[in-house]
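Visitor: Could you take me on a close look at one part of this protein, the nonpolar core? I'd like to know what it is built from and how the pieces around it pack.

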Amino acid sequence: QHFGLDYRGAAFSFGYSLGEIGALIAGGVLAPAAALRIPLSLADDCVALAHETTLGILFTKASELPFQGVRRACLLVNEQGRGAIGISTYLAPNSVLLMGQTDTLDRFAEIAKREVRVKFHLRKNDQRWPPLHTPIMWERHIPDRAARLLHTLPLALAEPKPNVLSLVTGTFTYTDTTARRMLREWIDHPQLLWNAVEHVLADGIKTVIHVGPEPNLVPATFTRLSENVAAQLRDSMGLWALSAAARRPWLSRLLPERSILLRAPYVQHVVLEDWLLENAPR
């Protein structure tokens, strides 16, 4: 409003975890008070689940992590009946965030040795996180209770403007009738963050604006990718030519699909609050 910019003119929006709810608010689908109603009513149970949940990052230095094997290992741990574990976020082709109750991460690591079939590393995080986007949310029937509340949630029966790329599906799934179903699935479905990164690069986006006081995971993902691509380019003159081609839309369509990653160092990133402070009236 202050700078006279029309947010609806953006190519699209997306948000990690609660950021997706924020994107729906900004896109005119939800009012802020309505958006808070369901999370606040279930917050105590989410906090209780967080006390027995540990977050870990699973990654490999190989080219890709066999996600099917990771999912199989999670299911085998859950069958033991001593706590649940699940993928919370697909960070990149070689890394995921896991959330597990009690000692499930340790038991996962043992089972994954035969199911994942590449050398992997699993690092635990000492902080406490509510286990959103995992089947741990089933423990207190949170998705079903939220679905019941969603029936009476006031929503605009319209597509968000700009459209929201859902990290539940990795595509533009919000229409005039799908928001309630998507919000239900948002609770326990893993976040497809890497799909959003690929969309940004494949669609030729030149500038990404990060909203929030301390955006971290999304810009960190882009920064890590850009640094890796830049290092690879320095080591290979042939990739320099591909990189230049990837900035030409007509030619990039002819290149292999993964060549879009070469655009990463050329995308500009702006943290909105930093920009506002830099451009505030003196």
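Guide: Let's start with the residues at the heart of things. In this predicted model, the largest nonpolar core has 55 residues, and the ones that touch the most other members are Phe14, Leu30, Leu153, Leu183, Leu201 and Leu225. Plenty of helices and strands chip in: α1 (18–26), α2 (32–50), α5 (142–150), α6 (179–188), α7 (193–202) and α8 (217–235) each give at least two residues to this core, and so do the strands β2 (85–92) and β3 (95–101). There is also a second, separate core, with 18 residues, including Ala73, Leu105, Ala112 and Val116.

Now zoom in on Phe14. Setting aside residues up to four places away in sequence, Phe14 touches Leu165, Leu167, Leu193, Ala196, Val200 and Val218. Pick Ala196 from that list and look from its side: it sits in helix α7. Leaving out neighbours within four places in sequence, Ala196 is in contact with Phe14, Leu165 and Leu167. Ala196 counts as buried because its relative accessible area is 0%. For a sense of scale, try finding Ala109, which is 87 residues from Ala196 along the chain; their C-alpha atoms are 28 Å apart.

Next, follow helix α5, which packs against two other helices we've met. Take α6 to begin with: the two helices pack at an angle of about 160°, and their axes are 9 Å apart. Angles over 145 degrees count as roughly antiparallel, so α5 is roughly antiparallel to α6. The crossing of α5 past α6 is right-handed. On the α5 side, the contact uses Ile142, Pro143, Asp144, Ala146, Ala147 and Leu150, while α6 brings Arg180, Leu183, Arg184, Ile187 and Asp188. Sort the residues of this contact by class and you get 7 nonpolar and 4 charged, with no polar ones. Leu183, by the way, is one of the core residues that touch the most other members.

The other partner is α2. Here α2 and α5 pack at an angle of about 175°, with 10 Å between their axes, and that makes α2 roughly antiparallel to α5. From α2 come Ile38, Ser41, Leu42, Asp45, Cys46 and Leu49, and they meet Ile142, Arg145, Ala146, Leu149 and Leu150 of α5. This contact has 8 nonpolar residues, 1 polar and 2 charged.

If you're wondering about the general background, nonpolar side chains tend to be buried together in soluble globular proteins.

Definitions and conventions: Residues are numbered from 1 along each chain as its sequence is written. This is a predicted model: local features need pLDDT of at least 70, side-chain atom pairs count only at pLDDT 80 or more; totals for chains, interfaces and linings use all residues. Side-chain values use heavy atoms; hydrogens and water are left out. A nonpolar core is a set of buried Ala, Val, Leu, Ile, Met, Phe, Trp, Tyr and Cys residues joined through side-chain atoms within 4.5 Å. Buried means under 20% relative accessible area, exposed over 50%, partly exposed in between (1.4 Å probe, protein chains only). Helices (H or I, at least four residues) and strands (E, at least two) are DSSP runs, numbered from the N terminus. Contact means heavy atoms within 4.5 Å. Axes are lines fitted to C-alpha atoms, for helices over the stretch in contact, and angles run from 0 to 180 degrees between N-to-C directions. Angles under 35 degrees count as roughly parallel, over 145 as roughly antiparallel, 65 to 115 as roughly perpendicular and the rest as oblique. A crossing is left-handed if the near helix is turned anticlockwise from the far one by less than a right angle, and right-handed if clockwise. Ala, Val, Leu, Ile, Met, Phe, Trp, Tyr, Cys and Pro count as nonpolar, Asp, Glu, Lys and Arg as charged, and the others, Gly among them, as polar.
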